[in-house]
Amino acid sequence: RLVGSEMCIRDSNSIAYTLRGISYLIPRNKDKWVVGNSRGFNNNTKYFFIHAKTVLEKNKCYWISKNKSSRKIVRTFGFKAYHPWSITGIYHLLTAGVYIYDSRVSALNYWVSGGAKFVNLWHGVGIKNIEFAGQVKPFPAETCMNKFLKPVIYLKPDLFLSTSPLMTRHFCKCFRISPQQCIESSYPRNEILQWEESRLLEFIQKYEPKETMAIIRRLKKATQSFIYMPTFRDENKNFLEQSGIDLKKLNDTLKAQNKLFILKLHPFTRINMDLCAFDHILTVNNKTDIYPILPFTDVLITDYSSIYFDYLLMKNKSILLFPFDYQKYIEEDRDLAFDFVTYMPGQHVYNFNALIETIKSGKIQASDKNEWIRNQFWYSPHPQNLYDAISRL
């Protein structure tokens, strides 16, 4: 393995750029794809990879990740997975024609990617200004020095997965790319949200850990289930305390009506309380893929998160918005590209008392704009085939 050499190579620009220069000399196979992300076997790359291997039966498709657990999981399915700095990993990265990732190409290995085509599947639509469009936390200027020191930030993909004309315009601004670089199709991770239960359960049995089925069994026993998925706050990791949520009062309310509350938080979010004491509040491990679980929940509670738009694809579900720190969020964390009320319609509650009363009643007011929102954020009139587009690169 060359894992121990990674830091040394990255810390030496001369070695790194020499390696990248050499990578341009290696012949690449356009029918060979490398796929991966840095956080684990999840998100769009996970579902893209499974589809490529099982439906397209693409033999020359390899999972590449620094995340050890993700490589182990992929191998249990009978697929090939490698560390990006292992000898075999470098070989596949040097000879693959297409790099597929969901954020930055560094999740694979930028320094051996010369001459490859880049496909960014990204990881969420929504109303936030991100990347180069952000004004609260602007990206560093694209100077020659910055591009030399951090080239990954400024790399533009050959193909970027968008989902609608509105999102194409948004992503072009955020990533400084052209509409010609975008393909409007569905997110691979959202396909399962449309499946019949029998097909979904078959997928879960094959690709998900036993804990996922255990959560689903608990959901099926509840009279109503809520899943709380708030946006992570860069500047406020203790935001749950400021939300005013009283977990004991929440648990007592849920218990009285046999309801279940699932808490799915960002791994960096701090909770200064033992949640094991609450039998009707279930905290999902941050490594758990929540997407196979979502169809078995009844109500999503969120704020500014892109999960709102994913959940909206399931037309028999309800969404409750809890933006208790709206002004603070847009001033300190993320500015918005689109008006919050217009583009995230539905029932809004702004404090815990209103939240608990809504949970107690179990009635969520649906917006009459849901179909309009779906049309704005999902799919062009004629969705394109992502896999065919990549094959043509």
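Me: Contact means that heavy atoms lie within 4.5 Å. Leaving aside its neighbours within four places in sequence, which residues is Ile 390 in contact with?

Reply: In this predicted model, Ile 390 is in contact with Trp 33, Phe 48, Val 98, Ile 100, Val 119 and Leu 159, once neighbours within four places in sequence are left aside.

Me: Which residues touch the most other members of the largest nonpolar core?

Reply: Ile 390 is one of them, along with Phe 48, Ile 100, Leu 294, Phe 309 and Phe 377, in a core of 81 residues. Helix α8 gives the most to this core, with six residues. Apart from it lies another core, of 25 residues, including Leu 247, Leu 254, Ile 356 and Ile 364.

Me: What makes such a set a nonpolar core?

Reply: The members must be buried residues of the listed nonpolar types, joined through side-chain atoms within 4.5 Å. In soluble globular proteins, nonpolar side chains tend to be buried together.

Me: Why are the buried residues of helix α17 said to be on the same side?

Reply: The residues concerned are Asn 370, Ile 373, Arg 374 and Phe 377, in a helix that spans residues 370–377. Because they cover an arc of only 100° around the axis, they fall on the same side of α17. They pack against α8 (165–175), α13 (307–311) and α15 (340–343). Just after the helix, Tyr 379 takes a positive phi of about 70°.

Me: Why is Thr 253 called buried?

Reply: Buried means under 20% relative accessible area. Thr 253 has 12% relative accessibility, so it counts as buried. Its place is in helix α12 (residues 247–257). Its contacts, leaving aside neighbours within four places in sequence, are Ile 356 and Lys 360.

Me: Trp 122 and Asn 258 both have a positive phi. Are they buried, partly exposed or exposed?

Reply: Trp 122 is at 6% relative accessibility and therefore counts as buried. Asn 258 is at 35%, which makes it partly exposed, because that class runs between the 20% and 50% cut-offs. The phi of Trp 122 is about 50° although the residue is not a glycine; that of Asn 258, also not a glycine, is about 55°. Trp 122 is in the loop between β5 (117–120) and α6 (144–149), and Asn 258 is in the loop between α12 and β9 (259–263).

Me: What makes an empty space a cavity, and how many of 30 Å³ or more are counted?

Reply: A 1.4 Å probe must fit there but be unable to get out. By this rule the count comes to one cavity of 30 Å³ or more. The largest cavity has a volume of about 110 Å³. Its lining has 13 residues, with Arg 104, Val 152, Ile 153, Leu 155 and Phe 175 nearest the centre. Helix α7 (residues 151–154) gives the most to that lining, with three residues. By class, the lining divides into nine nonpolar, two polar and two charged residues.

Me: What lines the second largest pocket?

Reply: A pocket, by contrast with a cavity, is an open set. The second largest one holds about 530 Å³ of space and is lined by 20 residues, of which His 51, Val 55, Glu 191, Trp 195 and Arg 199 lie nearest its centre. The elements that give two or more residues to this lining are α3 (43–54), α9 (197–207) and α18 (386–391). The largest share, five residues, comes from α9. The lining has 10 nonpolar, six polar and four charged residues.

Key. Residues are numbered from 1 along each chain as its sequence is written. This is a predicted model: local features need pLDDT of at least 70, side-chain atom pairs count only at pLDDT 80 or more; totals for chains, interfaces and linings use all residues. Side-chain values use heavy atoms; hydrogens and water are left out. Buried means under 20% relative accessible area, exposed over 50%, partly exposed in between (1.4 Å probe, protein chains only). Helices (H or I, at least four residues) and strands (E, at least two) are DSSP runs, numbered from the N terminus. The arc is that of the directions from the helix axis to the C-beta atoms. On a 1 Å grid over the protein atoms alone, a cavity is a set of points where a 1.4 Å probe fits but cannot get out, and a pocket is an open set with protein on both sides within 12 Å along at least five of seven lines; lining residues have an atom within 4 Å of a point. Grid points are joined across faces, edges and corners, and a volume is the space filled by probe spheres set on the points. Ala, Val, Leu, Ile, Met, Phe, Trp, Tyr, Cys and Pro count as nonpolar, Asp, Glu, Lys and Arg as charged, and the others, Gly among them, as polar.
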